[in-house]
Amino acid sequence: MAERPEDLNLPMSVVTRITKEALPDGCMISKEARLALSKAASVFVLYATSCANTVAQKNKRKTLAAPDVFTAMEEMEFETFLDPLKESLEAYRAEQGQIKERKAAKRREREEKEAAEKSVESSTLVTSELVQAAENASADTDEESMAVDQPEPESDSHTIE
């Protein structure tokens with residue numbers, strides 16, 4: 001839980017950004033008005049959270065879910081916000097799905113690249129082993145041909161046995 005009541009307020013930068021997006025160009029908002037909006041928004045979020053928590057507890061759950069928030073909005077008589085809220089949730093889920101798909105595609109691409117690199121390394125290794133084997137075979141053949149060309153040393157018949 002928050003240590004001080006001020007810890008429960010929304011950040012002023014967020015409130016400022018939202019109000020600037022909602023107001024027409026050239027419209028100014030005072031510091032006091034931003035503070036009042038911040039406190040009102042914080043109270044609304046806390047109240048909506050409390051109502052959604054009550055819904056979850058009625059359903060014998062400890063985790064709040066989107067349907068709990070929808071039900072809470074109806075109980076708080078904010079039905080007019082349900083459609084925009086549901087649309088925002090769908091947009092968020094779609095965005096998260098796209099992010100997940102991009103990450104999966106990057107992961108697959110990286111794995112394919114690594115597999116291709118391993119394949120190249122493996123074929124290079126096999127090729128170098130084949131070259132080495134061919135060189136060894138060639139060297140063995142050269143030694144054998146040299147051995148055939150050289151006469152065998154004659155035994156000394158004067159050797160005492």
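**Exercise 1. Determine what covers the buried residues of helix α1, and how α1 is placed against that cover**.

Step 1. The cover of the buried residues of α1 includes helix α2, where helices are DSSP runs of H or I with at least four residues, numbered from the N terminus. This is a predicted model, in which local features need pLDDT of at least 70 and side-chain atom pairs count only at pLDDT 80 or more, while totals for chains, interfaces and linings use all residues. Residues are numbered from 1 along each chain as its sequence is written, and side-chain values use heavy atoms, with hydrogens and water left out.

Step 2. Val15, Thr16 and Thr19 are the buried residues to consider in α1, buried meaning under 20% relative accessible area, exposed over 50% and partly exposed in between, with a 1.4 Å probe and protein chains only. Seen down the axis of α1, the buried residues fall within an arc of 100°, so they line one face of the helix; the arc is taken over the directions from the helix axis to the C-beta atoms. Ser13 and Glu21, on the other side of α1, are exposed.

Step 3. Two packed helices are described by the angle between their axes and the distance between the axes. For α1 (residues 12–22) and α2 (residues 31–58), the axes come within 10 Å and cross at roughly 105°, with axes fitted to C-alpha atoms over the stretch in contact and angles running from 0 to 180 degrees between N-to-C directions. That makes α1 roughly perpendicular to α2, since this class spans 65 to 115 degrees, whereas under 35 counts as roughly parallel, over 145 as roughly antiparallel and the rest as oblique.

Step 4. On the α1 side the contact (heavy atoms within 4.5 Å) is made by Met12, Val15, Thr16 and Thr19, and on the α2 side by Arg34, Leu35, Leu37 and Ser38.

**Exercise 2. Classify the ring pairs that link Phe44, Phe78 and Phe81**.

Step 1. Rings of Phe, Tyr and Trp (its six-membered ring) pair if their centres lie within 6.5 Å, and planes under 30 degrees apart count as stacked, over 60 as edge-to-face and the rest as tilted. By this rule there are 2 aromatic pairs.

Step 2. The ring centres of Phe44 and Phe78 lie 5.3 Å apart with planes at 85°, so this pair is edge-to-face. The pair joins distant parts of the chain, with Phe44 in helix α2 and Phe78 in the loop between α3 (66–75) and α4 (82–149), 34 residues apart.

Step 3. For Phe78 and Phe81, a centre distance of 5.6 Å and planes at 40° make the pair tilted. Phe44 is partly exposed at 32% relative accessible area, as is Phe78 at 27% and Phe81 at 45%.

**Exercise 3. Describe the surroundings of Asp68, and then the backbone at Lys60 and Glu77**.

Step 1. Asp68 lies in helix α3 and counts as buried, with 2% relative accessibility. Leaving aside neighbours within four places in sequence, Asp68 is in contact with Ala52, Val55, Ala56, Asn59, Arg61 and Thr63.

Step 2. Most residues other than glycine have a negative phi. Lys60, however, has a positive phi near 60°; this residue lies in the loop between α2 and α3 and is exposed at 79%.

Step 3. Glu77 likewise has a positive phi, near 65°, and is placed in the loop between α3 and α4, where Glu77 is exposed with a relative accessible area of 66%.

Note on methods: Helix = DSSP H or I, 4+ residues; strand = E, 2+ residues; numbered from the N terminus.
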